[in-house]
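Here are a few exercises to work through with the model open beside you. Try each task yourself before reading the solution.

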Amino acid sequence: MPNARDSVEHVFRREYGRIIASLIRACGDFDLAEEALQDAFVQALDRWPESGVPENPAAWLTTAARARAIDRLRRARVGAEKYALLGEQTTPGEGAFAMLNQGSDSSLEDDRLRLIFTCCHPALNLEAQVALTLRTLGGLSMAEIARAFLVPEPTMGQRLVRAKQKIRAAGIPYQTPPEHLLAERLAAVLAVVYLIFNEGYAASAGDDLIRRDLCGEAIRLGRLLAALMPEEPEVLGLLALLLLHDARRGARLSSSGRVVLLEAQDRATWDQAAIEEGSGLVERALLMRRPGPYQVQAAIAALHAQAATPEQTDWPQIAALYSVLASFSPSPIVELNRAAAVAMAYGAEFGLALIDRPEVAGTLEQYRWLHTTRGELLRRLARWQEAAAAYTRALQLSENTAERAFVTQQLATMRTAAGKDS
Amino acid sequence: MRYLLLIYGNEQAAAAKSPEAQAAEMDAWWKYTADLQQSGQHLAGEALQPIATATTVRLANGRPVVVDGPFAETKEQLGGYYLIDAPNLDAAIAWASKMPNLPGGGSVEIRPIMEFDTPAS
């Protein structure tokens, strides 16, 4: 017989996002909804060990939370208007269940969509968007979010408080954006999820588990978005990209914590199921004929993931895709990646020519990966002095132990090769 | 909800525009105001005279000190405002996004009004 406390916690964690979304809509207030749900949780811990876990635990918790919200409002002596919003059930009973079961699941899904767009509203700063999304949709505690982003708890607490205050004070509406704003607002939502993933991807083995699990959290959010908006190709593209990156996560760092480049990774450790799922999503998305930056990045990642060995990588295709990506999100970094692909496809000198344009090499002078890439290409062209200079510059710019070890090793390997030449 | 929309622009740049361009922008402002009024969300709005006409008052040693100019030198100057009553922030943003000062590089700051409970009489 499952331990009732474990069941409650399991249900709570799993259903949190869904329940909170509908509660926020009913209460019109993040804090009231959260506190009411906490009350309901305590109530469940109290009752379920005796009465057993109910058949529809989410419905039970929602009803109980709505009742607790009424209690709180009553105590705060707010006007009749708010009572009307919540209905007048005071205990979970037949009537309450009927009311809840009346609405189809689609209204619950609409609520979560509303919640996502509210959390990622452009009037909130990016850190606030990330914190709110993880708190309300991810169900992470404030302490967990603080540890995940290496920020003191009081600071994270403040961020959440201020974000909710801004929503209330400035009248940020709880709704999905109108058609003409959907594309840009969706891009903001996807950017938040991608940021969460990258934060987790950057975590090292020594970091807190919750920090490393941010990748899993981001993928969960990506899946939620894909379920809520299955006809949005960029949403599918982002989920594909996350899955394809995550598939290689195990191979990224050596046992001694050093960075392992793509061409040196043990492909046997790549998660083939994730690669298959990600590749399938890319295809599905591209068939919708509405390409976008996440789809293109995912297509590039898929090409890497599908190559059984580094030598079988389809570099010309990848180089072409980077050109497409540049048309969507032009940036020196995209150009750098394109140059690296061009070098692999057509020769180091062509890649170098693309890098050594002022808009790339000039703009990215402080970016260590520019110098490691230049160093690598110069090394292939046996231009030892220039390669050494580039690697040295990269070392100056890097503080990361794993990266520095890697560059130092490249320098050493190269000096040996240079020695052989003379 | 009531919002104050504060209209900012670079005065020098605006003054440097051709008379035709300035007249065109004035027309755009008249049309904008008319649209806002027709929507029923317009409460008030005025253009302000240029920053050279500003006067700032502070206290120094407990006595008011009067100085020529704005409270601070800024790259963009406050040129006018609208007070509106809109359903939510997105509605206020929609109005702000259509303002004629934006194409020339201006900006609009949206501030929700602090509503105080009126004391029981």
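**Exercise 1.** Which residues does A:L244 touch, not counting residues up to four places away in sequence?

*Solution.* Keep in mind that this is a predicted model. Start at A:L244 and skip its neighbours up to four places away in sequence; the residues it touches are then A:I275, A:G278, A:A298, A:A301, A:A302 and A:A305. Next, place A:L244 in its wider setting: together with A:L23 and A:A240, it has the most contacts inside the largest nonpolar core, a set of 124 residues. Finally, look for the helix that gives the most to this core: that is α1 of chain A (residues 4-27), with 11 residues.

**Exercise 2.** Describe how α10(A) and α13(A) pack, and sort the residues of their contact by class.

*Solution.* First locate the helices: α10 spans residues 179-201 of chain A and α13 spans residues 233-247. Their axes lie 11 Å apart, at an angle of about 5 degrees. Angles under 35 degrees count as roughly parallel, so α10(A) is roughly parallel to α13(A). Now list the residues: α10(A) brings A:L186, A:L190, A:V193, A:Y194, A:F197 and A:Y201, while α13(A) brings A:E234, A:V235, A:L238, A:L242 and A:H245. Sorted by class, this contact has 9 nonpolar, 1 polar and 1 charged residues.

**Exercise 3.** Work out the arrangement of α10(A) with α12(A).

*Solution.* Helix α12 covers residues 214-228 of chain A, and its axis runs 7 Å from that of α10(A), at an angle of about 160 degrees. Since angles over 145 degrees count as roughly antiparallel, α10(A) and α12(A) are roughly antiparallel to each other. Their crossing is left-handed. On the α10(A) side you will find A:V193, A:I196, A:F197, A:E199, A:G200 and A:Y201; they meet A:L214, A:C215, A:E217, A:A218, A:L221 and A:G222 of α12(A). The classes here come to 8 nonpolar, 2 polar and 2 charged.

**Exercise 4.** Step back and summarise chain A, then its contact with chain B.

*Solution.* Begin with secondary structure: chain A has 23 helices and 0 strands. Its C-alpha atoms fill a box of roughly 90 × 45 × 40 Å along the principal axes. Of its 422 residues, 39% count as buried. Then consider contacts between residues at least 6 apart in sequence: 60% of these join residues at least 24 apart. Last comes the contact between the chains, which takes 6 residues from chain A and 5 residues from chain B. The chain A side divides into 5 nonpolar, 1 polar and no charged residues.

Key
Residues numbered from 1 in each chain as written. Chains lettered and ligands numbered in written order. Predicted model: local features only at pLDDT ≥ 70, side-chain atom pairs only at ≥ 80, totals over all residues. Contact = placed C-beta atoms within 7 Å. Nonpolar A, V, L, I, M, F, W, Y, C, P; charged D, E, K, R; others polar. Helix = DSSP H or I, 4+ residues; strand = E, 2+ residues; numbered from the N terminus. Buried ≥ 20, exposed ≤ 12 C-beta atoms within 10 Å, placed from the backbone. Axes fitted to C-alpha atoms, helices over the stretch in contact; angles between N-to-C directions. Parallel < 35°, antiparallel > 145°, perpendicular 65-115°, else oblique. Core = buried A, V, L, I, M, F, W, Y, C linked by C-beta atoms within 7 Å. Left-handed = near helix turned anticlockwise from the far one by under 90°.
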